[in-house]
Amino acid sequence: MTAPGITFSLLCWPVGQVNLHGTREVARTAEATVFVNLQLAGSCVGSQGGRTCHVPAGSFALFDATRPFRLDYAGDWRSLSFRVPRDRLMSLVARPDDVTATTVDGSRALGAVVAGTMRSVWDAVEDLGDAEARAVSSGFTTLLATACGATDEARGAGRRTLAASLYTSVCTHLQDNLRNGDLAAARVAAHFGVSVRTLHNVFRDSEHTYAQTVTRLRVDACARDLADPACRESLTALAARWGFFDLSHLNRAFRTHRGHRPADLRPV
């Protein structure tokens, strides 16, 4: 798949594989790009320019297509690969020679935001218009540069992009963990490698605070169950499923966020 400025691909194989981007491949490369490879399953050992990195599932690394590199995939592997314009990315990075063949932990701080953004872009790319795709491409490149050590000039734009991307990644994390995770601000902030203050600040310009967002997502999930004719669980059971303390807590949350009782959604 493609969007203006970035090409996306999902690579997978049921057994280990070696991908060699040698001198012949470099000569055939039509555009100067950098591969950003997010390991979704299995693992990869990548090497370029005298450096070697081990990339486990959930992390990513960069490889410059204008120079030879080698990727050794182990096991049943899957990798999400973005190709970004080399000149655009390297112009934003303070030390361009140090960013390739270096593992970025996709579970911590900026790495988690970049990895989450890659997954979100892949899921949504077919629904993006040209203008939206261009904005995503520009924003992702700036965000990636920030994670790799941006120049002073690029850092300001990177902070704004980071805040927007962190907001999206946090909301996705909340949605995915409504039933099976501790969504206390301190724990979620630790998951993304940021301070609790930073976590709250990314919600400052949104309609809801962090706590209100968590409650709204719980209410929306519970409302979907209540509107399903096949769902026969009691309100008490649904309250427990979606993280409410008790039935009273569920009723208060519905009145605050929807203006009615949860029972009003039950099909007649």
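This is a short tour of the structure in your viewer, stop by stop, with a suggestion of what to select at each one.

**The whole chain**

Start with everything shown as a cartoon, and keep in mind that this is a predicted model. You should find 10 helices and seven strands. Along its principal axes, the C-alpha trace spans about 70 × 45 × 35 Å. Of the 268 residues in the protein, 41% are buried. Among contacts between residues at least 6 apart in sequence, 73% join residues at least 24 apart.

**Strands S7, S3 and S4**

Select residues 69-85, which form strand S7. Now add residues 17-21, strand S3: this strand pairs with S7 in the antiparallel sense over five bridges. To see one of these pairings up close, show leucine 20, whose bridge partner in S7 is arginine 70.

Next add strand S4, residues 33-48. S4 and S7 run antiparallel, and 13 bridges join them. Here a good pair to show is asparagine 37 and serine 81, its bridge partner in S7.

**Serine 81**

Stay with serine 81 in strand S7. Is serine 81 buried or exposed? Serine 81 counts as buried, because its relative accessibility is 2%, below the 20% cut-off. Leaving out residues up to four places away in sequence, select what serine 81 touches: Thr7, Phe8, Ser9 and Leu11, and also Phe35, Val36 and Asn37. Asn37 is the bridge partner you have just displayed.

**Strand S6**

Keep S4 on screen and select residues 60-64, strand S6. S4 and S6 are paired in the antiparallel sense over five bridges. Valine 36 stands opposite leucine 62 in S6, and Val36 is also one of the residues that serine 81 touches.

Turn on the side chains of S6. Phe60, Leu62 and Asp64 point one way from the strand, while Ala61 and Phe63 point the other way. Why is S6 described as largely enclosed by the rest of the structure? Five of the five residues of the strand are buried, so S6 is largely enclosed.

**Across the model**

Before leaving S7, try a distance label between the C-alpha atoms of serine 81 and histidine 257. These two residues are 176 apart along the chain, and their C-alpha atoms are separated by 39 Å. A second label, from arginine 78 to proline 262, spans 184 residues along the chain and 42 Å between C-alpha atoms.

**Helices H8 and H10**

Now select residues 210-226, helix H8, together with residues 247-258, helix H10. How do H8 and H10 pack, and at what angle? Their axes are 10 Å apart and the angle is about 100 degrees, which means that H8 is roughly perpendicular to H10.

Show the side chains where the helices meet. From H8 come Gln212, Thr215, Arg216, Val219, Asp220, Cys222, Ala223 and Leu226. From H10 come Leu250, Ala253, Phe254, His257 and Arg258. Colour them by type and the residues of this contact divide into seven nonpolar, three polar and three charged.

**Proline 262 and aspartate 225**

Move on to proline 262, in the segment after H10. Proline 262 is buried, with a relative accessible area of 0%. Beyond its neighbours within four places in sequence, proline 262 is in contact with Leu226, Leu235, Leu250, Asn251 and Phe254. Among them, Leu226, Leu250 and Phe254 also belong to the contact between H8 and H10.

Then pick aspartate 225 in helix H8. This charged residue counts as buried, with 15% relative accessibility. With neighbours within four places in sequence set aside, aspartate 225 is in contact with Cys231, Leu238, Arg241 and Trp242.

**The cysteines**

For the last stop, select the cysteines. How many disulfides does the structure hold? The number is zero. Cysteine 53 is in no disulfide, and the nearest cysteine sulfur, that of cysteine 44, is 6.9 Å away. Cysteine 53 counts as buried at 6% relative accessibility. Cysteine 231, which you met as a contact of aspartate 225, is in no disulfide either, and its nearest cysteine sulfur, that of cysteine 222, is 8.1 Å away. Cysteine 231 is buried as well, with a relative accessible area of 9%.

Terms used: Residues numbered from 1 in each chain as written. Predicted model: local features only at pLDDT ≥ 70, side-chain atom pairs only at ≥ 80, totals over all residues. Heavy atoms only, no water. Pairing = 2+ DSSP bridges. Helix = DSSP H or I, 4+ residues; strand = E, 2+ residues; numbered from the N terminus. Axes fitted to C-alpha atoms, helices over the stretch in contact; angles between N-to-C directions. Parallel < 35°, antiparallel > 145°, perpendicular 65-115°, else oblique. Contact = heavy atoms within 4.5 Å. Nonpolar A, V, L, I, M, F, W, Y, C, P; charged D, E, K, R; others polar. Disulfide = S-S within 2.5 Å. Buried < 20%, exposed > 50% of the residue type's maximum accessible area, 1.4 Å probe, protein only.
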